[in-house]
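Me: Can you walk me through how the protein meets the DNA in this one? Short answers are fine.

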Protein chains: 2
Amino acid sequence: MTDEQRAAYPTGLRERKKRRTRDALLHAALDLFTTQGYEETTVDEIVEAVEVSQRTFFRYFASKEEAAFAIQEMVESSFLSELRRRPAEEAPFDALRGAVLCAWNSIGETIEELVTVELHMRTYRMIESTPSLLAAHLRRCADLENQIALLIARREGLDVDEDPRPRVAVAAFCGVMRVTGQLWGRGRESGVDSLRALTEAYLDQLGPALAGNWRTESGATAG
Amino acid sequence: MTDEQRAAYPTGLRERKKRRTRDALLHAALDLFTTQGYEETTVDEIVEAVEVSQRTFFRYFASKEEAAFAIQEMVESSFLSELRRRPAEEAPFDALRGAVLCAWNSIGETIEELVTVELHMRTYRMIESTPSLLAAHLRRCADLENQIALLIARREGLDVDEDPRPRVAVAAFCGVMRVTGQLWGRGRESGVDSLRALTEAYLDQLGPALAGNWRTESGATAG
DNA sequence: TGTCAACTGTCAGAGGCTGACACTAGTGTC
DNA sequence: GACACTAGTGTCAGCCTCTGACAGTTGACA
């Protein structure tokens, strides 16, 4: 259970107030970030909108950056629990593939209490198009990759330090995921559907892409 | 030709002085970073060691971060030129594999004028173990990935926006490269040889790792 | 030698972030 | 219901990265 989820069921007035302050700060931050840009938004502007002190902002979020990733954080832990729920018979790669698609299907339920799906999508695109946030995003992905590799290894009864396959498979999978994420962020269609379609098409091309000679085989299948 | 390489052949006294200042700053920075840590080192400490003003540091390096990646920058462009030099008959994945191994073989010649290979290795490990630098490193890798994908696509006469295979293959390749880089950074052996051995072993496992059921096949081949 | 342009230093300041300390307002207790 | 306790907050003061403006210095070149 994450802090966010625990905080979703406040007991007393103090907890409710705390939650309201955090939600207001997060909302104001994401709203400002996505409308006028991340770098262009100062913490002072955020706290001004919520009418709290700057010090308070930094008590809820360790950094300005952390606020930008608050929703992403929830989506990732949602993916991890989907992956843990996958049937043991499934091959590793199929389990990974199934887990992302499921996580995206249920994205609404995951974040509904905090923000609209639309704001989340806008935030994602902002992250992809802001260099410093993209850097942070990739580092978070690396952490996630590590966790996934451990999960996959355990599923298969392997040790990640003995057998390269868990890490290698997860690296390839996450690599493709990032490519689709970036393409989707740069593209025009911003719905979850187009992201899913892109992901499925690209994952299907992983095998063929690694095969020896491309010139003797058939060409494009997605665009 | 990069700025560094052009600056390696100075014409006048002014250029030589400029180069000496830059080299001194870079050396002092990397030395301090690797001995006392990146975050623990202030720009003031660096400029104090070289006896220039802080303002001067920021004229040579856009940021403290940029100094940390100066060598990496050279290595990356060295990899790219190795890749361009690969025979056209080679399959895409083989070309990528060959290019990294060649780039690492000639790493000494690439950076010899600036720093020792040993300092570069220490710097690499520092980058891998410093969260904020790791983030920046991954973003740089993403940029590089994009360039590589364009190169591979051109080699094969494809359009990256039409055929997913260039991006997908490069993503998988770079994913494995990062895994080996991280493992090497965390490990005990710090030579180029151990990095190369690890890379070869892991790249060999890419095919098997994506194949359906791992439990019916043979196990570990690298440690 | 003198002029021009490039490089550098100083100064002032914005913006992210932190520690210390005092104050306010919920919480649990008698 | 009055009490002390504690979590949450604001204020202030300061560090560090990075930038703009302006002035001083030093090679380059006629």
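What follows is a chat about the protein surface around each DNA strand.

Me: What should I know before we start?
Reply: This is a predicted model, in which local features need pLDDT of at least 70, side-chain atom pairs count only at pLDDT 80 or more, and totals for chains, interfaces and linings use all residues. Residues are numbered from 1 along each chain as its sequence is written, chains are lettered from A and ligands numbered from 1 in the order in which they are written, and side-chain values use heavy atoms, with hydrogens and water left out.

Me: OK, strand C. Which residues come nearest?
Reply: A:Lys64, B:Lys18, B:Ser53, B:Thr56 and B:Arg59, out of 22 residues around DNA strand C. A residue is near a strand if one of its heavy atoms lies within 4 Å of it.

Me: How much of that is sugar and phosphate?
Reply: They make up 53% of the atoms of DNA strand C that come within 4 Å of the protein.

Me: What does B:Arg59 touch there?
Reply: A base oxygen of DNA strand C, which is 2.7 Å from an N or O atom in the B:Arg59 side chain. That is a polar contact (a pair of N or O atoms within 3.5 Å; within protein, one must be able to donate a hydrogen and the other to accept it, and residues adjacent in sequence count only if both atoms are side-chain atoms).

Me: And which elements supply that surface?
Reply: Helix H2 (13-36) and helix H4 (54-60) of chain A, plus helix H2 (13-36) and helix H4 (54-60) of chain B, each give two or more residues. H4(B) gives the most, with four residues. Helices (H or I, at least four residues) are DSSP runs, numbered from the N terminus.

Me: Any phosphate contacts on strand C?
Reply: B:Ser53 has a polar side-chain atom 2.8 Å from a phosphate oxygen of DNA strand C. From chain A, a backbone N or O atom of A:Val43 lies 3.4 Å from a phosphate oxygen of that strand.

Me: Switch to strand D. Which residues are closest?
Reply: A:Lys18, A:Ser53, A:Thr56, A:Arg59 and B:Lys64, among 22 residues that surround DNA strand D.

Me: How far is A:Lys18 from a phosphate oxygen?
Reply: A polar side-chain atom of A:Lys18 lies 2.5 Å from a phosphate oxygen of DNA strand D. For A:Ser53, the side-chain distance to a phosphate oxygen is 2.8 Å. B:Lys64 uses a backbone N or O atom, 2.8 Å from a phosphate oxygen.

Me: Where does the largest share of that surface come from?
Reply: From H4(A), with four residues.
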